[in-house]
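This briefing walks through selected features of one protein chain, grouped by topic. Please keep the sequence and the structure in view while reading.

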Amino acid sequence: MAANKEDPDLDEILANEEELEKALCVLAGSDPENCSYSRGYVKRQAVFACNTCTPNATEPAGICLACANKCHDGHDIFELYTKRNFRCDCGNSKFRDFKCQLITAKDEENVRNLYNHNFNGCYCTCDRPYPDTDDQDNDEMIQCIICEDWFHSRHLGCTMVEPEELQEMVCEACMNKAPFLWTYAAHFAVPPVISVSHPEEGEEGVEVDVEVEEGGEKEEASQSSQSGGEEPSTSAEHTKEEEVENRSSPCKRTHEQMTGSPGKATTKTVACRLKELQAQGLERPRQGAVFWPYSWRSELCTCTSCKRAYVAAEVQFLMDQSDTVLAYENKGLDEPFGQHPLMALTSSMDRVQQLEVIYGFNELTTSISAFLDQCVAEGKTVTVEAVHQFFEELRARKRRRTNAGYQ
């Protein structure tokens, strides 16, 4: 059959294969075969919750990737992305008579685990599930790097850049729990943007209030722009434009972005970096979530006094460059615990077979995306019947191609 149809471009196929690997980077960083419990409180790992075994919201529990695959196969599982310093709960006292099939002897409770409403399938300040069938807005959700809760962009309390340009985000509540971060935000975070509409004129304006430090002096640049107007030009915005040019989506970030040398971290032995910044008097409104470039952690002061402040605010992990989700993802790509079943399958095939499988996978994902986009465009609800009809049409197209290949 392969010889009877036009072969897809090899470079495109290989690029799609690389994209598939990157899409699996969250799972690749976790062991799919062995329960992570024996490794203690893992620095970062993929975590899941089982609504079948632990439906009680008062007793949240999380399980590792291996247990989700082996112990809870066929259960109502939902993914929590990654959590830091977490130990697998599978089979402990929260699961009653259910025992872990991989490690039977476990403590009754993992006292150092931290839980939030994510473990009950709810997210954001609105405490809603995801996906939310009652929510008609196709809103991006972003994870706070401190509390690790997920937030709708409309509930962040600020205007945000496009999702593909997002970097690390700290929600307003976590900023206030570690208030010294506001000082760093004034100097190193993405400048806040305040949007103001003018309905009486039928136009929308955007007011940008950016505090910029130039020549050691504090300067406030505030500019209102109408539609079609020019944006003010400041050194801060020039820097921001350069950062945007170097940004990419969460699954396409470069290894160099993540592995900025920890040796560049500010380590003042005489003066406190935080006090130096505070003395400059630069401030920003203490409201809304804050977005940071990936290099911002290297700007944090590491003097003894500041280290104590990090511990007191329970954010000492911010000093660790390898704590980031990006570092975890890249480690999963560089040193994976195991291969995705599709990758393991193709590795045992010859090149023609590999291209056939990858081609088929790409065609399937493209068709599904087109189907969902069409439903959204036409305002249709995705029903079970519609899904069955979609896959039947796919099978029919496959049969037509197969029959044509043998003619």
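## Briefing on the predicted model

Arg87 lies over the face of Tyr37, at a distance of 3.8 Å from the ring centre, and Arg112 is placed over the face of Tyr41, at 4.3 Å from the ring centre. The structure is a predicted model, and its chain has 13 helices and eleven strands. Of the 407 residues in the chain, 39% are buried, and residues 24 or more positions apart account for 68% of the contacts with a separation of 6 or more.

**Aromatic rings**

- A search of the whole structure finds eight aromatic pairs; in one of them, Phe95 with Phe98, the ring centres are 6.2 Å apart and the planes stand at 35°, so this pair counts as tilted rather than stacked, the latter requiring planes under 30 degrees apart.
- The two partners of this pair fall into separate accessibility classes, since Phe95 is buried with a relative accessible area of 3%, while Phe98, at 22%, counts as partly exposed.
- One aromatic cluster is formed by Phe86, Tyr115 and Phe119.

**Helix H5 and its surroundings**

- Helix H5 spans residues 181–188, and because seven of its eight residues are buried, the helix is largely enclosed by the rest of the structure.
- The buried residues of H5 are Leu181, Trp182, Thr183, Tyr184, Ala185, Ala186 and Phe188.
- These buried residues pack against three helices, namely H4 (172–177), H8 (273–279) and H9 (304–312), and also against strand E11 (290–292).

**Contacts between residues distant in sequence**

- Leu27 belongs to helix H2, which covers residues 25–28, and with a relative accessibility of 32% Leu27 counts as partly exposed, because this value falls between the limits of 20% for buried and 50% for exposed.
- When residues up to four places away in sequence are left out, Leu27 touches Ala46, Phe48, Leu65 and Glu79.
- Leu27 and Tyr81 are 54 residues apart along the chain, and their C-alpha atoms are separated by 8.8 Å.
- Ser298 sits in the loop between E11 and H9, where it is buried with a relative accessible area of 12%.
- Between Ser298 and Met319, which are 21 residues apart in sequence, the distance from C-alpha to C-alpha is 7.6 Å.

**Backbone geometry**

- Most residues other than glycine have a negative phi, and most peptide bonds are trans, which is the background for the next three points.
- The peptide bond from Tyr130 to Pro131 is cis, with omega near -5°, and Pro131 lies in the loop between strand E4 (128–129) and strand E5 (141–143).
- Asn85, a residue of strand E2 (residues 77–86), has a positive phi near 50°, and with a relative accessible area of 37% Asn85 is partly exposed.
- Glu314, in the loop that runs between H9 and helix H10 (325–334), likewise has a positive phi, near 60°; at 62% relative accessibility Glu314 counts as exposed, because the value is over 50%.

**The second largest pocket**

- The second largest pocket has a volume of about 740 Å³, and of the 23 residues that line it, the closest to its centre are Arg84, Leu114, Ile146, Glu314 and Phe317.
- E2 and H4 are the elements that give two or more residues to this lining, and the largest share, four residues, comes from E2.
- By residue class, the lining of the second largest pocket divides into ten nonpolar, three polar and ten charged residues.
- Two elements of this lining also appear in the points above: strand E2 holds Asn85, and helix H4 is among the elements against which the buried residues of H5 pack.
- Glu314 links two topics as well, being a residue with positive phi and one of the residues closest to the centre of the second largest pocket.

Note on methods:
Residues numbered from 1 in each chain as written. Predicted model: local features only at pLDDT ≥ 70, side-chain atom pairs only at ≥ 80, totals over all residues. Heavy atoms only, no water. Buried < 20%, exposed > 50% of the residue type's maximum accessible area, 1.4 Å probe, protein only. Contact = heavy atoms within 4.5 Å. Phe/Tyr/Trp six-rings, centres within 6.5 Å; stacked < 30°, edge-to-face > 60°. Lys NZ or Arg CZ within 6 Å of the ring centre and 35° of its normal. 1 Å grid on protein atoms, 1.4 Å probe; cavity = no way out; pocket = protein on both sides within 12 Å on 5 of 7 lines; lining within 4 Å. Points joined across faces, edges and corners; volume = space filled by probe spheres on them. Nonpolar A, V, L, I, M, F, W, Y, C, P; charged D, E, K, R; others polar.
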